[in-house]
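I opened the model to look up a few things. These are my notes, in the order I took them.

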Amino acid sequence: MKILIKNAKIIKSFSSTPFSGDILIENDKIINISDKITIDKSDKTIDATNYIAIPGFIQTHIHLAQTIFRNLAEDVPLLDWLYKYILPLESKHNENTLYDSARLGIAELLLSGTTTIQDMETIHFTHTSFKAAEEMGIRTCMGNMLMDKGNEILSESIDFLIKESESLYRKWNNYDNGRIKYVLTPRFALSCSKDLFNEIKIMSEKSNIPIHTHAAENLKETEIVKKETGYRNIEYFERIGIASPKLRLAHCIWLNDYEYDILMKNDIKVLHCPSTNLKLGSGIAKVPEMLDTGINVSIGADGPPCNNNLNIFNEMKLAGLIQKLRIGADSMPAENIFKMATINGAKALGLEKDIGTLEEGKKADIVLLKSNIHSFDYEEKNILSTIIYSMNRDNVAYTIVNGKILVEEGKLLVAKEKEILENAKESRLHFIRNL
């Protein structure tokens, strides 16, 4: 299938000069980007006059399993949020509720221009979330939650967890020509025994599977990790042998200098979630300093019960604003934020050869943004600032993943929004009745 995008304002990457031109997609790849493309026939031509074409946004830390819990865990710090609300809610999931939660989250992500996610599910029924990702076309790195200690509500034996991981890996890793990948997802240091981490390490090294987990999100959490293990969070990961370029860590707020060194020397990827860090009162990660030292930092919205939506525009804006307040107005240029939301996200997921920039030969993951009343005009030198600080999800006209149009003129094509909402409402009642 050939799709020709005509007359767009094209931003190839965070560092490129915008220009007016055309993009030709054939099957799942971009095959030409230039000022003017003329072909005999295309299956679809999009008139992108007054649209901005950008690489699809990449969110590297998401919890689709929690989408349906939105607004059910309010005004509490992290550990209370987790143990009093989220674990009990996750324990009540069944196949239908998890599927509905995943579809609801994916619909929101696609409609707001996110084309790729790294998702951390719950312990049971993760195959239904993979099914939702398969059906709805989003690019996904996903795994089942791994936890064998720390609570009596939601945990499983190491044998169960590893067998489930192996089954999901065999079924879903590199599915649909690599659009869907499997990742190992231990929840965090407090919910995983050393023996479980050792099994995760063995599986990761044997099959070259990345590890996606949380670290140093909350001050109390880091104190408990130190008390239980004798080490700070990142130091503990180094001690047990999982500190490597395959490790992807959400948050990384409460670190000492030695832990920053561990991140740098091991090329560990940091997944920044500003709205969640603010809403749970956890703190502010030192993102500009990490970027300056070469640590790869990307962006994620985390879970809807701790940020209340999955909108990348909110995360980009907050990623800039909180640092400007913390260390100065010039501390987070728009280019850095856009880089975090695109190519840094691709690097975090090991996909920089395929996505993260608009280039010939790369996968056709493209978002077209339209102007409106709050972003009706822009200067080319400030176009990234316009996207980050003036635009929102209502500016997203087209979301294209793997060469397939999933959102067209702001409408979801791959599923019926009304049906998704009705099913999600019904599933949500299952949790409301059991609170």
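**Backbone, His 251.** I started with phi. The model is predicted. I checked His 251 for burial and found a relative accessible area of 0%, so it is buried. His 251 sits in strand 13, residues 247-251. Its phi is positive, near 90 degrees, and the residue is not a glycine. I noted the background: most residues other than glycine have a negative phi.

**Backbone, Asn 7.** I then turned to Asn 7, which also has a positive phi without being a glycine, at about 65 degrees. Asn 7 belongs to strand 1, residues 2-10. I asked myself whether Asn 7 is buried or partly exposed. Its relative accessibility is 43%, so I logged it as partly exposed.

**Cores.** Next I looked up the largest nonpolar core. It has 112 residues, and Phe 237, Leu 263 and Ile 387 touch the most other members. I looked for the main contributor to this core: helix 2, residues 95-111, gives the most, with eight residues. A second core of 20 residues is separate, and I listed Ala 48, Ala 53, Leu 358 and Ile 366 among its members.

I followed Ile 387 further. Which residues does Ile 387 contact, leaving aside neighbours within four places in sequence? I found Ile 11, Ile 52, Ile 54 and Phe 57, and also Phe 313, Phe 338 and Leu 369.

**Helix 2 against helix 3.** I took the axes of helix 2 and helix 3, the latter being residues 126-136. They come within 8 Å and cross at roughly 35 degrees. I recorded the crossing of helix 2 and helix 3 as right-handed. From helix 2, the contact includes Leu 98, Tyr 99, Ala 102 and Ile 106. From helix 3, it includes His 127, Lys 131, Ala 132 and Met 136. I sorted the residues of this contact by character: nine are nonpolar, four polar and four charged.

**Cysteines.** How many disulfides does the structure hold? I found zero. Cys 141 is in no disulfide, and its nearest cysteine sulfur is that of Cys 273, 15 Å away. A disulfide needs two cysteine sulfur atoms within 2.5 Å, so I ruled that pair out. Cys 141 is buried, at a relative accessible area of 3%. Cys 273 is in no disulfide either; the nearest cysteine sulfur, that of Cys 306, is 7.8 Å away. I noted Cys 273 as buried too, with 0% relative accessibility.

**Asn 218.** I looked for Asn 218 and found it in the loop between strand 12 (211-215) and helix 7 (219-229). Is Asn 218 buried or exposed? I read a relative accessible area of 9%, which is under the 20% limit, so Asn 218 is buried. Not counting residues up to four places away in sequence, Asn 218 touches Leu 78, Trp 254 and Ser 282. I also checked its spacing to Leu 263: the two are 45 residues apart along the chain, and their C-alpha atoms are separated by 18 Å.

**Lys 226.** My last stop was Lys 226, in helix 7. I logged Lys 226 as partly exposed, with a relative accessible area of 42%. Beyond its neighbours within four places in sequence, Lys 226 is in contact with Tyr 231 and Arg 232. I checked Lys 226 against His 61 as well: they are 165 residues apart in sequence and 24 Å apart in space, C-alpha to C-alpha.

Conventions: Residues numbered from 1 in each chain as written. Predicted model: local features only at pLDDT ≥ 70, side-chain atom pairs only at ≥ 80, totals over all residues. Heavy atoms only, no water. Core = buried A, V, L, I, M, F, W, Y, C linked by side-chain atoms within 4.5 Å. Buried < 20%, exposed > 50% of the residue type's maximum accessible area, 1.4 Å probe, protein only. Helix = DSSP H or I, 4+ residues; strand = E, 2+ residues; numbered from the N terminus. Contact = heavy atoms within 4.5 Å. Axes fitted to C-alpha atoms, helices over the stretch in contact; angles between N-to-C directions. Left-handed = near helix turned anticlockwise from the far one by under 90°. Nonpolar A, V, L, I, M, F, W, Y, C, P; charged D, E, K, R; others polar.
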